[in-house]
Amino acid sequence: MATQGRHAHEANEGGHGSLPEYAIGFALSIILTLIPLLVVLNGWMTGMPALLVILITAVLQFAVQLLFFMHLREEKGPRYNLMALILGIVVVVTVVAGSIWIMVHNKMY
């Protein structure tokens, strides 16, 4: 009975990632974590170039997590997970941008 439930679950969910796919995602995550760490700790870059390296690797890390671990590219049918992700990003960007705008415009002179 438990075996039937598991097979039904797998049929409904579709295939998840394989071991090589997880290994590639893990390796990319480690590399994308080490790059900004080494740039900052070794002083290879400072100021705006260092900030750009950090931001670019953060965006790439985000993409790796979505594609390799959250299986966003494997979703079939209506893309509810993608729509929920986009809504979450819009909310976070709105809150962060609004907070920065409020802080900049409420400075005491």
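**Four helices, queried one by one**

Colleague: What are the helix content and the end-to-end C-alpha distance over residues 82-104?
Modeller: This is a predicted model. Over residues 82-104 the chain is 100% helix and 0% strand. The C-alpha atoms at the two ends are 33 Å apart.

Colleague: Which residues does UniProt list as "transmembrane region"?
Modeller: The listing comes from an unreviewed UniProt entry. Residues 82-104 are one of its spans. The full list is 22-44, 50-70 and 82-104.

Colleague: How far apart are the end C-alpha atoms of residues 50-70?
Modeller: That span is 95% helix. Strand makes up 0% of it. Its end C-alpha atoms lie 29 Å apart.

Colleague: What pattern does the chain follow along the sequence?
Modeller: Count the elements. The chain has four helices and zero strands. Read in order, that gives α-α-α-α.

Colleague: Is Gln61 buried or exposed?
Modeller: Gln61 sits in helix H3, residues 47-69. Buried means under 20% relative accessible area. Gln61 has 16%, so the residue is buried.

Colleague: Which side chain makes a polar contact with that of Gln61?
Modeller: Start with the contacts of Gln61, setting aside neighbours within four places in sequence. They are Ser29, Leu32 and Thr33. A polar contact of 3.0 Å joins the Gln61 side chain to that of one of these, Thr33.

Colleague: Why does Glu21 count as buried?
Modeller: Glu21 is found in helix H2. The cut-off for buried is under 20% relative accessible area. Glu21 counts as buried because its relative accessibility is 14%.

Colleague: Which residues does Glu21 touch, not counting those up to four places away in sequence?
Modeller: Glu21 belongs to helix H2. Its partners beyond four places include Leu67 and Phe68. The complete set is Leu67, Phe68, His71, Arg73 and Glu74.

Colleague: Is Leu38 buried, exposed or partly exposed?
Modeller: Leu38 lies in helix H2, residues 19-41. Partly exposed covers the range between under 20% and over 50%. At 36% relative accessible area, Leu38 is therefore partly exposed.

Colleague: What accessible area does the nonpolar surface patch with Leu38 have?
Modeller: Leu38 is joined there by Phe26, Ile30, Leu34, Leu37, Leu41, Trp44 and Met45. Together they have about 800 Å².

Colleague: What share of the chain's accessible surface belongs to carbon and sulfur atoms?
Modeller: Buried residues make up 16% of the 109 residues. The accessible surface comes to about 8,600 Å². Carbon and sulfur atoms hold 76%.

Conventions. Residues numbered from 1 in each chain as written. Predicted model: local features only at pLDDT ≥ 70, side-chain atom pairs only at ≥ 80, totals over all residues. Heavy atoms only, no water. Patch = residues over 30% accessible without salt bridge, like charges linked within 9 Å, V, L, I, M, F, W, Y side chains within 5 Å. Areas by Shrake-Rupley, 256 points an atom, 1.4 Å probe, with all protein chains shown as cover. Salt bridge = Lys/Arg side-chain N within 4 Å of Asp/Glu carboxyl O. Buried < 20%, exposed > 50% of the residue type's maximum accessible area, 1.4 Å probe, protein only. Polar contact = N/O pair within 3.5 Å; in protein donor to acceptor, adjacent residues only side chain to side chain. Contact = heavy atoms within 4.5 Å. UniProt positions renumbered as here; feature names shortened; annotations may be inferred.
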